[in-house]
Amino acid sequence: MQSGKHSTGLSSQFMYGAGEFFNGGAFVIINAFFSVFLIKAIGMPAALAGTVPLIGHFWDAVTDPVMGNIADRTSAKMGAKRFYMLIGSFATALTFATLWVPFRTDRPVTMFIFYVIMYCLFSTGSTILMVPYNGLLPDMVDDYDTRSRFSNVRMIWSTLGAMVCGVVPTLLITDTTKTTMYLRCGVLFGLLFLVTCLITVGGTWENYHAPVRSKMISSFDHAASAFRSRSFRLFIGIYLTGQCGMDFVSGMAVYYVDDVINGYQNHYVTYLMAALIVAQLIGMLIWGPVMAKTSKRTTILIGAPIRVACTLLLIPFSYEGASIYPILALAVGIGIGNAATLTSIFAIMADMPDVDELITSIHRPGVVSGMSTFARKISSGLSAWLIGILLTAVGYSEKLANEGARQSAFTQKGIAAIFVLMPVILCVLLFVFGYLFPMTEKEFNIVKKEIRRRRGEDSSKATPEEIRVCEKVTGMSFDRLWNIQNQWVGNRTHGKEEN
């Protein structure tokens, strides 16, 4: 395993961030086109189509915690996380392409089972790749500001991924009822994801940490114990509400443009996604320095209200034949607001293993990242499921969709309401979680200092203010911190299987 001095300059940041091209882009394609593929091209009922990714992500309830534990337990010459990322790069590329294999039958349940299996395979490949990736940065650098810079470049890559994956498929899939167009798109992007992930594997490193000695059967207990941390609980709230808000935007964009505005053939989806994502990329360049000069929560408190305001202003323009220009202008505002919140999310994620270590006395970024990835995948699955349920509730007809016919006026208004109101509700919750989040650089440095004390590397005594900060950040009393039993849920004693 690699250790020692490494460059933390722009080239290292660039190669670290490249892996986010997959995470930022793959789910844009899936959110925007997978249900469209199942409903309009394959002919699956909307409620069943929305349930496919939900079941796939519940499969993550098994794979993500296990993968986090495996990553923390493994010792490898190239670094355990990079080793699994190498495997995951190939697995993800292959399974993403097979998601779009056409399988038609007169029996909807048979189609449903086939695509559930395909989605579970893809989800497993994504787990092998993303759980180690999300836990990699804490093992690369320790400094708060340096982590912020790496995370900001990662988010730029995420936006590039979203840009390419949000625009190019709309150019490749010119007819939403043709299955071959989806498959061609899936193969192309599977290869792109493979290349960018391999850049990250080749251009990063891991500082040595002794592998955690734990049993595989303990994976779920360890994973659940990550929620002991108050900071982690609030971070999960930030992560899910921020990302799910954009899930509804990307997941409903095709329906909104095609069935409400009636502008799909005029390439309005391409324009809308381009406006969102180009604005998001520009926003990353703006909000990165703002976050560096303030805190990782400040940009959330700025970005969430921008997203709410611009989304609500879409209401007067949500009708057939509406001008695309005010919609694009508001999309720019949504993209800039989303950049502000995204900039913070992954920067905060890198700090969560440190809070967890203060609580448990164990360095376990794999467990923490595994639970983060699991929660995100479950939320993404719930978003897709809820979109399917809400479409069914407003009377969406897959038969009319497959025939290329217009939906009813009631359904069109329902689609517009889903597209606007769901992101607004989630962004309001995002603001609340961001307001409550207790960590800035000051608190982070106190946490790191207390960890050094507990390791015996700092002989100073904690001040009353430092004790108060540790308790606020962890949500636990000071005398209960640094206890190996905190890695379990409840108060059970599990012997000495851990280090």
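In which helix is Thr474 found? I looked this up in a predicted model and located Thr474 in helix 19, which covers residues 464–474.

**Entry 1: Thr474.** I next asked whether Thr474 is buried or exposed. The relative accessible area of Thr474 is 0%, and buried means under 20%, so I recorded Thr474 as buried. I then listed the contacts of Thr474, leaving aside neighbours within four places in sequence. These are Arg228, Ser229, Arg230, Val355, Leu358, Ile359 and Leu481. I also noted that a polar atom of the Thr474 side chain lies 3.2 Å from the backbone nitrogen of Met476.

**Entry 2: helix 5.** I turned to helix 5, which has 19 residues, 80–98. From its first C-alpha to its last, helix 5 reaches 27 Å, close to the 27 Å expected at 1.5 Å a residue. I found several buried residues in helix 5, including Tyr84, Met85, Gly88, Thr92 and Phe96. Against which helices do the buried residues of helix 5 pack? I recorded helix 2 (20–42), helix 4 (60–73), helix 6 (108–134), helix 8 (179–203) and helix 15 (365–393).

**Entry 3: helix 6 and helix 15.** Both of these helices pack against the buried residues of helix 5, and I examined how they meet each other. Their axes are 8 Å apart, and the packing angle is about 135°. Angles over 145 degrees count as roughly antiparallel and 65 to 115 as roughly perpendicular, so I entered helix 6 and helix 15 as oblique to each other. Helix 6 passes helix 15 in a right-handed crossing. On the helix 6 side, the contact is made by Ser123, Ser126, Thr127, Met130, Val131 and Asn134. Helix 15 contributes Gly366, Ser369, Gly370, Thr373 and Lys377.

Key: Residues are numbered from 1 along each chain as its sequence is written. This is a predicted model: local features need pLDDT of at least 70, side-chain atom pairs count only at pLDDT 80 or more; totals for chains, interfaces and linings use all residues. Side-chain values use heavy atoms; hydrogens and water are left out. Helices (H or I, at least four residues) and strands (E, at least two) are DSSP runs, numbered from the N terminus. The expected span of a helix is 1.5 Å times one less than its number of residues. Buried means under 20% relative accessible area, exposed over 50%, partly exposed in between (1.4 Å probe, protein chains only). Contact means heavy atoms within 4.5 Å. A polar contact is a pair of N or O atoms within 3.5 Å; within protein, one must be able to donate a hydrogen and the other to accept it, and residues adjacent in sequence count only if both atoms are side-chain atoms. Axes are lines fitted to C-alpha atoms, for helices over the stretch in contact, and angles run from 0 to 180 degrees between N-to-C directions. Angles under 35 degrees count as roughly parallel, over 145 as roughly antiparallel, 65 to 115 as roughly perpendicular and the rest as oblique. A crossing is left-handed if the near helix is turned anticlockwise from the far one by less than a right angle, and right-handed if clockwise.
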